[in-house]
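Here's a quick walk through a structure, written for someone who'd rather be at the bench. Have a look at the sequence and the 3D view, then read on.

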Amino acid sequence: MSETPFKISIPDAALQRLQTKLELTTLPDELDGAGWDYGAPLADVKRLVSRWTNGYDWRHHEAQLNASLQQFTRPIAVDGHGTLNIHYVHQRSEVTNAIPLLFVHGWPGSFIEARKILPLLTTNSANHPSFHVVTFSLPGYGFSEAASKPGFGIKQYAEVGHKLMLALGYNEYVTQGGDWGHVITRKIAQVYGGKYSKAWHTNMVMGQPPQGDDAQTELSDEDKQLLARREWHRKKGMGYMAEQSTQPQTLGYALTDSPVGLLAWIYEKLVNWTDNYPWEDDEILTWISIYYFSRAGPAASLRIYYEAMGPHKTDAERGFADGAAPEIPLGLSHFPQEIVALPRSWSRNLGNIVFEAEHDGGGHFAAYEKPNELVDDVRKMFGQNGPAFGVVAGKSGYSTEGKSGL
Amino acid sequence: MAETPFKISIPQALLDRLQQKLALTTLPNELDGSGWDYGAPLADVKRLVARWMDGYDWRHHEAQLNQLPQFTRPISVDGHGTLDIHYIHRKSEVEGAIPLLFVHGWPGIFLEGSRIVPLLTAKLDDHPSFHVVVLSLPGFGFSEGAKKPGFNIAQYAEIGNKLMLALGYNEYVTQGGDWGLAVTRRIAQLYGGKHSKAWHTNMVFGEPPADFDPTTLTPEQQAALARTEGLMKKGMGYRHQQSTKPQTLAYAMTDSPVGLLAWIYEKLVAWTDRYNWTDIEVLTWISIFYFSREGPVGSFRIYYEAMGNETMAMQAFREAPAPEIPLGLSHFPGDLVVVPKSWSRMMGNVVFDSEVHDAGGHFPAYEQPEALAGDLRQMFGKGGPAYGVVPGKSGY
């Protein structure tokens with residue numbers, strides 16, 4: 001069979017090399033009182049480097065990841081790009097007719113983003129549906145092989161996700177995603193929707209300002225706050241995107257060669273994009289280590305930006321608004337500190353919205369920051385009284401009475 | 001008084017550390033056939049790193065750089081205390097030579113201005129001579145950088161003006177491109193007339209006039225505008241990052257020699273016009289950034305302070321009136337922004353407007369020193385439109 005059980009096992013030599021590099025870390029200075037204005041603060045980065053060099057135990061966290069996440073690899077063929085070895089987590093529910101769900105991460109996320117929602121989604125209860133959950137490392141991330149030639153774009157990432165579900169025996173499935181996960185699951189919905197993908201749910205709600213008469217509607221105070229955050233992100237927080245979508249290789253040398261460089265680049269987003277999430281240093285370091293020790297190296301993870309949004313793409317493609325809106329049912333979860341948060345009225349054209357929920361807190365990494373809330377939403381959407389109940393034929397998410405699970 | 005002769009002398013410990021880091025260089029892979037599309041190509045970077053480790057002798061090049069007459073002196077800046085400023089200063093043997101301040105940009109350095117120094121200071125029968133000052137902008141080269149937020153273009157301009165005054169040049173002219181344009185324009189606005197008497201730039205901007213008819217563009221002009229548009233689409237990531245989160249970028253650029261190399265090398269190639277960089281040249285240029293007094297981060301902050309993430313050029317030209325003192329423009333075909341010459345009249349009181357040179361890009365003082373020096377000689381020489389702008393210092 002093509003599936004191979006996988007355990008993360010970073011070679012000692014790689015750990016040693018990291019250690020040697022960390023010990024040679026050269027830090028910049030910082031302007032007085034710079035705070036977060038100029039980027040990740042020196043005190044934070046210094047502390048994290050110090051911990052990474054002394055005290056952080058990768059082997060412990062590696063073991064935890066292996067213990068809590070059932071991982072596999074398998075080859076997946078992608079039209080025009082040969083076969084890629086894909087790393088994924090697959091957790092089945094004990095409920096036979098659980099709903100197959102594909103969770104897709106983005107940048108600077110990874111498969112680790114699913115670690116909290118996995119046990120919740122797969123749990124068996126009469127009160128809510130259960131899911132068989134699959135999450136894969138995007139090619140070029142985590143322990144998946146990367147594309148080796150140009151042109152591996154959103155369509156290709158979608159193909160990998162879709163083919164993985166089919167390979168696992170899930171001919172029909174639903175998806176959940178934010179960040180690139182939103183863009184990729186949208187593409188899955190466009191290309192494979194109806195026949196294979198039966199519904200999609202996202203926590204990164206995109207949209208456009210209303211045109212014509214609707215444009216006259218005055219914005220509420222909440223809307224103004226959302227737009228203010230969006231504007232802050234647009235004005236102050238998109239340097240990474242500008243570089244990654246135009247010169248990913250140039251940036252790639254630095255992020256590959258410098259542990260502290262990679263740390264700061266990602267840490268800044270982990271803080272700026274979340275809603276006061278109480279990151280622990282070891283949590284940050286584990287998140288960063290997945291990038292540092294990734295199969296393809298950190299530079300590969302940047303290329304999705306070029307392929308999807310590079311100078312050769314159209315404006316519609318760069319806005320993830322290419323092609324017609326998918327027809328399959330769509331669920332939205334709004335988290336107030338999402339960086340692209342916008343007035344709810346702006347997202348009406350995203351698709352066939354059947355479910356929508358608001359939350360008081362939470363940011364860009366909803367599955368990680370607010371796992372209970374996100375899972376709650378997904379359960380409501382697909383549950384017995386929900387608008388997408390039974391979208392996957394024969395997989396309601398509930399135990400069938402009188403039959404024992406297989 | 002305050003001036004101290006300066007010789008670059010990088011401590012051996014720093015050289016040793018660089019070698020240790022280079023030996024540990026971890027390189028990414030590259031997509032098949034990606035060329036320059038995704039950024040600096042792997043083969044180039046690999047080759048440069050290998051050379052940097054073995055076959056590049058910093059001490060030799062340091063000694064060569066030290067043949068340039070370098071100095072440092074403390075310059076005070078309102079609200080920012082005193083900064084120790086590094087510069088090249090060469091006087092012409094012609095006493096009445098025109099004092100000229102050259103201001104570089106990013107990723108420029110004092111080295112950029114070094115080639116025009118012997119050309120401009122030379123005593124020639126037919127051409128004016130100049131006393132030349134090449135400033136290391138605060139945060140670049142061996143100049144101290146600002147310690148607190150708010151060190152903006154006006155502060156850089158204050159440094160430039162005060163340096164010239166400190167050297168006894170109460171009246172002077174300026175030459176600059178890239179940030180050197182912004183700084184010398186500010187000098188012209190703040191100190192023009194009284195101290196700065198004329199300014200010259202090789203970075204030419206412009207907007208089409210109100211009654212612009214696109215069909216009047218020549219094929220060459222169309223091609224140049226298309227090329228400019230392409231470069232803007234492809235090459236502004238660095239600017240976006242440096243103007244919004246320079247500190248975040250700084251960790252990688254300070255810690256990784258190859259990271260810094262690739263970041264700057266990409267621009268040295270993209271922004272020059274058929275310039276045949278040797279590996280040695282590139283490595284010397286990068287080394288100056290690597291060994292700079294403030295480290296690479298010192299050079300990024302000007303973007304944050306001056307730009308947010310607005311377009312530098314057009315914003316600068318829309319806000320505040322154009323300086324009144326005479327302006328000279330030199331057009332080089334390989335610069336980032338190439339517009340029809342008539343569009344650039346709005347930059348100021350244009351008295352000199354060169355023909356478009358055959359070659360040269362964003363760093364013409366380095367790439368085409370003869371051409372740039374020639375333009376300056378024409379602008380300020382006898383019969384030229386800015387002849388005698390500095391009273392008593394005609395250049396002859």
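What radius of gyration does chain A have, and what would a compact globule with 406 residues have? Chain A comes in at 21 Å, and that agrees with the value near 22 Å for a compact globule of 406 residues. Keep in mind that this is a predicted model.

## Chain A at a glance

Taken along the principal axes, the C-alpha atoms of chain A fill a box of roughly 60 × 60 × 40 Å. Chain A has 15 helices and nine strands, and 61% of its 406 residues count as buried. Sequence-distant pairings are well represented: of the chain A contacts between residues at least 6 apart in sequence, 78% join residues at least 24 apart.

An unreviewed UniProt entry annotates residues 4–113 of chain A as "domain: Epoxide hydrolase N-terminal". That stretch, residues 4–113, is 32% helix and 23% strand, with its end C-alpha atoms 22 Å apart.

## Around Glu30(A)

Within residues 4–113 of chain A, have a look at Glu30(A), in the loop between helix 1 (12–23) and helix 2 (42–53). Is it buried or exposed? Neither, quite: Glu30(A) is partly exposed, because its relative accessible area is 25%, and the buried class stops under 20%.

Glu30(A) and Pro41(A) sit eleven residues apart in sequence, and their C-alpha atoms are 7.8 Å apart in space. Not counting residues up to four places away in sequence, Glu30(A) touches Gly35(A), Ala40(A), Pro41(A) and Leu42(A) in chain A, plus Gln247(B) and Arg301(B) in chain B. Gln247(B) is one of the buried residues of helix 9 of chain B.

## Where helices of the two chains meet

Helix 9 (residues 248–257) of chain A packs with helix 10 (residues 257–270) of chain B at an angle of about 170°, their axes 7 Å apart. Angles over 145 degrees count as roughly antiparallel, so that is how helix 9 of chain A runs relative to helix 10 of chain B. From chain A, helix 9 brings Thr250(A), Leu251(A), Tyr253(A), Ala254(A) and Asp257(A) to the contact. From chain B, helix 10 brings Pro257(B), Val258(B), Gly259(B), Ala262(B), Trp263(B) and Glu266(B). By type, the residues of this contact are seven nonpolar, two polar and two charged.

Helix 9 (residues 246–255) of chain B is mostly covered, with ten of its ten residues buried. Among them are Leu249(B), Tyr251(B) and Met253(B).

## The annotated active site in chain B

Which residues does UniProt list as "active site"? The unreviewed entry names Asp178(B), Tyr303(B) and His362(B). Asp178(B) lies in the loop between strand 6 (172–176) and helix 6 (179–191) of chain B, while His362(B) is in the loop between strand 9 (349–356) and helix 14 (364–367) of chain B. Asp178(B) counts as buried because its relative accessible area is 7%, and His362(B) is buried too, at 2%.

Leaving aside neighbours within four places in sequence, Asp178(B) is in contact with both other annotated residues, Tyr303(B) and His362(B). Its other contacts are Gly105(B), Trp106(B), Met203(B) and Trp271(B). On the same basis, His362(B) is in contact with Asp178(B), Asn202(B), Met203(B), Trp271(B), Gly334(B), Asp335(B), Leu336(B) and Glu367(B). Met203(B) and Trp271(B) therefore turn up in the contacts of both Asp178(B) and His362(B), where contact means heavy atoms within 4.5 Å.

Definitions and conventions
Residues numbered from 1 in each chain as written. Chains lettered and ligands numbered in written order. Predicted model: local features only at pLDDT ≥ 70, side-chain atom pairs only at ≥ 80, totals over all residues. Heavy atoms only, no water. UniProt positions renumbered as here; feature names shortened; annotations may be inferred. Helix = DSSP H or I, 4+ residues; strand = E, 2+ residues; numbered from the N terminus. Buried < 20%, exposed > 50% of the residue type's maximum accessible area, 1.4 Å probe, protein only. Axes fitted to C-alpha atoms, helices over the stretch in contact; angles between N-to-C directions. Parallel < 35°, antiparallel > 145°, perpendicular 65-115°, else oblique. Nonpolar A, V, L, I, M, F, W, Y, C, P; charged D, E, K, R; others polar. Rg over C-alpha atoms; globule rule 2.2 N^0.38 Å.
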